[in-house]
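Trainee: I am new to this structure and would like a close look at a single part of it. Could you take me through one pair of charged side chains and then set that pair among its neighbours?

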Amino acid sequence: MVIKMQRILSHMRKAIEEYNMIEEGDKIAICLSGGKDSITLLHAFKSLQVFYPKRFELIAISIHPGFEFFDVSFLHTICNDLEIPLFIENSNAKEIVFEIRKEKNPCSLCANLRRGVINSIAIREGCNKIALGHNQDDVLETFLLNLFYTGNIGTFSPISFMDRSKITLIRPLVFTPEKEIRRFIRKNNLEVMPKVCPMDGTSKREDMKQFIFDLAKNIPMVRANLFGAIQRNLKDWKK
């Protein structure tokens, strides 16, 4: 199957080169959830590896959250087809978040639990970088979540170094609009894993997604304007 991904690679290379995300000899762990963003990132990195002037290694890391519908065989098939080693680690996130803590807004705690496991695997496998699949829409939604719910102006950085683990987090899809990722998945007839989290579609992040969608009906440039403001005014986003 020929993967059509020129537009994705264009956005991705811009982010990588603007923020110097890849160095010669890097070993990069791609966080693979089975959703559209992580599958797109996996394919894009494999294509980039063929022609990028700096050589780098790839592995994929997936965290089994404990939900029965999490399809491990699906992830193995994708990685086997792309010849990328996959490391799957079981997690008790479901038990901690939903049964013990009974969190009403569980996304932050769940993300922290996953992050700790991912860091441990990356260190064990000799990786110096971890790649996350956050796209441009995620940047905007996080910015608005911070603004409205905490009173802070900020969002996650395209690249950040973690002092404790000595690993660098990179987000190569931060310039890629979510609609481009959806188009890539659709045009290439790629399967994605159905979402298994019971909070899917009911989180505050989904509210922000809808808020931006509604704003764009009257202000067509709202996404571009918000993203431009983030790039110009946030210290972590400056080159």
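Mentor: Let us begin with K54, which in this predicted model has a relative accessible area of 26% and is therefore partly exposed, since that value lies between the 20% under which a residue counts as buried and the 50% over which it counts as exposed. Its partner is E23, and the side chains of E23 and K54 meet in a salt bridge with an N to O distance of 3.8 Å. This pair links distant parts of the chain, for E23 sits in the loop between α1 and β1, K54 sits in the loop between α2 and β2, and 31 residues separate them. E23 is partly exposed as well, at a relative accessible area of 33%.

A second pair can be set beside this one, namely E141 and K209, whose side chains form a salt bridge at 2.9 Å, N to O. Because E141 belongs to helix α6 (residues 136-150) and K209 to helix α8 (residues 204-218), the pair ties together parts that are 68 residues apart in sequence. E141 counts as buried, with a relative accessibility of 1%. Both E141 and K209 also belong to a network of salt bridges that links them with K36, D37, E178, R182 and R205.

To place these pairs in the whole, the structure holds 16 salt bridges, another of which joins the side chains of R7 and E180 at 2.5 Å, N to O. Here R7 lies in helix α1 and E180 in helix α7, 173 residues apart, and E180 counts as buried at 6% relative accessibility.

Methods: Residues numbered from 1 in each chain as written. Predicted model: local features only at pLDDT ≥ 70, side-chain atom pairs only at ≥ 80, totals over all residues. Heavy atoms only, no water. Salt bridge = Lys/Arg side-chain N within 4 Å of Asp/Glu carboxyl O. Helix = DSSP H or I, 4+ residues; strand = E, 2+ residues; numbered from the N terminus. Buried < 20%, exposed > 50% of the residue type's maximum accessible area, 1.4 Å probe, protein only.
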